[in-house]
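Let's take a walk through this fold, starting with a sheet and finishing with a couple of cysteines. Keep the model open beside you as you read.

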Amino acid sequence: MIGIRQLDSSSADFSVGLEALLSSSAGPDEALDRVVLNILQDVRQRGDAAVIEYTQRFDQREARADQLEIATAELEAALAKIPPSLRKALEQAARRIRSYHEHQLVRSWSYEDDAGNTLGQRVLALDRVGVYVPGGKAAYPSSVLMNVIPAVVAGVQEIVMVVPAPGGELAPLVLAAASVAGVDRVFSIGGAQAIAALAYGTETVPAVDKIVGPGNRYVAAAKRLVFGRVGIDMLAGPSEVLILSDGSGDPDWVAMDLFAQAEHDEDARAILVCNDDAFIRSVKQSMARLLPTMQRKAIIEGSLGRNGALIKVRDLEEGIALINRLAPEHLQLSVAAPEALLAEVRHAGAVFMGHHAAEAIGDYCAGPSHVLPTGGSARFSSPLGVYDFQKRSSIIGCSASSVASLAAIAAELARAEGLSAHARSAELRMKNKFST
């Protein structure tokens, strides 16, 4: 029988069990931060020389500065060589992701108030963005599409991708996805040194304005430590799914959806919340029967044993309350009438509606970016989107005839704050020295 926590909200020790589940993730690592900070400082001071030394040490490959950039022709060649079915899937997914994100575009706007002052907002794309993509044996073309295409739609002038090449090996599928997505430049570097190169710039790698994309704990720590010098997408933790079931679905489907989340890695979290005891038993039976057929069986077992849970609630209302408390990255409303519950969901990165909307579809091709807030941060943050690659400037325009009322208000408030220069600066505009 598969090992996984079982909790019941009606039990006296439910809160203790739930807290144990939520606290199972690793906390901050000060030793790791010190290592990463040293790498960041070294790359900032020595540029390419430091990047090359770390690349040789950690990726076990020989490298020169002029070998770090991957030519556009190599990306196109990788696209041409992959199987036609994979190329078709990449291009279809890219079209869907692009179409979805085109709906997110925000335009500049302005208006004139009653006094004749012009007020508005100017929306501009970022100049240059860095995208980190895991490399080596792992190939995540979906990560390329989901991070790059929203930036392309936003109108970012230059998109720079970094991907490690352990042992000199690059995944052709990742390079093909870069070609499909519209990446401008690709460098075969990874780890904290790649984040440093993007944040500070080197002789070879240009400095960017924002860094997005997933990575290991060294990459995550580096992104956190360079924030402020550059923007970052989010501080992402282990991936997670919460499935709310009313017992009306297929237990095999639910079991496989839990497996799909758990197979990411042993830190992933997969939770079923259900108001039907019999259905929970059926799901557990399905899991025991299906687990031996899984290619990543050991990882799934480890993940479910450490971070998984089957939670019995009294009713769906209590299930929704639990969802809003946990604020999951992925939420599957695996119920007969998901629309009736959606309005009550306050906190979730992405909501999958009904039995047929599997989280796995969202990971690859539904349309929205699969870069989502984790660890409860859906309470205050949103999925990666076009808006992450746009910035806004406020526009304020006053004329000689319109400024007087605003200047009087500003002067009054400035003096109340003890800032007399502010007050006098505003009052000078009331003298109408200029006609426009």
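Two strands count as paired here if DSSP finds at least two bridges between them. Keep in mind that this is a predicted model. With that in hand, look at strand E10 (residues 240-245) and strand E11 (residues 269-274): they pair in the parallel sense over six bridges. For one such bridge, find Leu242, whose partner in E11 is Ile271.

Now zoom out to the sheet around that pair. It is an open sheet of six strands with parallel pairing, and the order reads E1-E12-E11-E10-E13-E14. The edges belong to strand E1 (5-8) and strand E14 (350-353); each has a single partner strand, so one side of each has no neighbour in the sheet. On average, neighbouring strands in this sheet are turned by 15° against each other, ignoring direction.

What packs on the sheet? Helix H1 (residues 14-22) does, touching E1, E11 and strand E12 (309-312). The direction of helix H1 makes about 140° with that of E1. Then there's helix H11 (residues 277-290), which lies across E1, E10, E11 and E12. Against E12, helix H11 runs at about 165°.

Last stop, the cysteines. How many disulfides does a search of the whole structure find? Zero. As a reminder, a disulfide is a covalent bond between the sulfur atoms of two cysteines. As for burial, Cys274 has 0% relative accessibility, so it counts as buried. Cys398 comes in at 37% relative accessibility and therefore counts as partly exposed.

Technical notes. Residues numbered from 1 in each chain as written. Predicted model: local features only at pLDDT ≥ 70, side-chain atom pairs only at ≥ 80, totals over all residues. Heavy atoms only, no water. Helix = DSSP H or I, 4+ residues; strand = E, 2+ residues; numbered from the N terminus. Axes fitted to C-alpha atoms, helices over the stretch in contact; angles between N-to-C directions. Contact = heavy atoms within 4.5 Å. Disulfide = S-S within 2.5 Å. Buried < 20%, exposed > 50% of the residue type's maximum accessible area, 1.4 Å probe, protein only.
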